[in-house]
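Student: Hi! Could you walk me through this one?
Tutor: Happy to; here it comes.

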Amino acid sequence: MVAAMSTRRSLLCGLALAALAAGCSKSSAPSGAPAAGASGAPATGEILVGAYFSLSGEETQFGKDSQEGIVLATDQLNSDGGVKGRKVKVLFEDTKSMPQEATNKVRQLIDRNKVVALLGEVASSRSLAGGLIANAAKVPMITPSSTNVEVTRGRDFVFRVCFTDDAQGAAAAEFVTEKLKKKKIGLLYLAQDTYSSGLAKTFSEAVKKHGGEIVVEKGYQKGEKNFRTHLDQLMAAKPEIVFVPNYYSDMVPIAQQAKEKNIPGSMFLGGDGWDSEDLLKGAATELEGAYFTNHYAPDVPWENSKKFVAAYQARWKREPSSLAAQAYDAAKLLFDAMGRAKAIEPVAIRDAVAETRGFSGATGTISIDKDRNADKPLVVVQIKGGKFVYHATVNEKRP
Ligand code: PHE
């Protein structure tokens, strides 16, 4: 650890001849400039945290919602005096909904801005890309909402505050087979996507354990807009319900085309990727009665969630999505860890995040486990009367 840190430092110093000014050692910091800590991050003044999200492109809503949650958490923290007497500044970067941009932006935040920690991304594909860089640079990263199992696996500096798709797939399978009593199940998912195909797989395995059967399975390609043939083929196998673990952006046309074929909304079951105002705007009537597993719902009966919803509504004049709630939790958990950390530098912050137990968030009580995943509850939400309505809490343990 010590060796790795000093390598990184000498690399930084070696790279820039202006390193003296940048503060490679305390004594070389010019008077007036903040002295640098071991990571190259300043030891005084504002604490810089990097955030990388899809602020444009296909999943813009994911990024914007997350940003609003983080801004709210940061403003609350700073008006309460900050961390160890220092204010926190979050620098936002746009991934344009592309993994390659996630890589670039994380690199930039670490190398150029010297952030002490990172928040991001929403989509698992982009957290995998950004997490690779963060982990190699030994800068802690917390993803609010990337659920694919691989995101944190083997990466000591990468954490999440959401459940994993192992837990989500198991909960969705249990709900559909045991509660809805549907055993003949169809599957429609985005074939090349890490999140969608991963969740389809864990769900299928769990369905079989509960005595259910996947009677038909269709993987579609990114960019497909016409799902009519897939829908015909799915219905031909006479499933009792179809699990569609994709993002809202694809679910809207799927639901609209299903409606043309008189397939009722209750024929569909989704995962957390459905959580967006845009799903309701585009296909609320078409999906009336459908259920999906999620992190949270605005009417969830948890005390901290109610406080969060009120603060969010006061600030942004609308209802928070689960992404906003999760990003709020990721930021707050990070700030809490910074307060407990021995120093405001990446490795000490990483250790404090790893020690988090029983943190009360807007999305439930969160403990970080030994694999850097969050041990927390999961909810089932129903689309009812044009809204997302809390249905049940599931505390399925990870296998
Ligand atoms: N869980 C999704 C992923 O890992 C992201 C997501 C979370 C989308 C919550 C919507 C709501 O890619």
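Tutor: One term to begin with: a polar contact is a pair of N or O atoms within 3.5 Å; within protein, one must be able to donate a hydrogen and the other to accept it, and residues adjacent in sequence count only if both atoms are side-chain atoms. This is a predicted model, where local features need pLDDT of at least 70, side-chain atom pairs count only at pLDDT 80 or more, and totals for chains, interfaces and linings use all residues. Residues are numbered from 1 along each chain as its sequence is written, and side-chain values use heavy atoms, with hydrogens and water left out.

Student: Cool. How far is the side chain of Asp272 from a nitrogen atom of the ligand?
Tutor: An N or O atom in the Asp272 side chain is 2.7 Å from that ligand nitrogen.

Student: And what about Thr147 and Ser124?
Tutor: Thr147 has a polar side-chain atom 2.8 Å from a ligand nitrogen. For Ser124, a side-chain N or O atom is 2.5 Å from a ligand oxygen.

Student: How much of the ligand's accessible area does the protein cover?
Tutor: The protein covers 100% of the 320 Å² that the ligand has on its own, by the Shrake-Rupley method with a 1.4 Å probe, where for residues only the protein chains shown count as cover.

Student: New topic: which residues make up the shell, by class?
Tutor: Six nonpolar (Ala, Val, Leu, Ile, Met, Phe, Trp, Tyr, Cys and Pro), one charged (Asp, Glu, Lys and Arg) and six polar, meaning the others, Gly among them.
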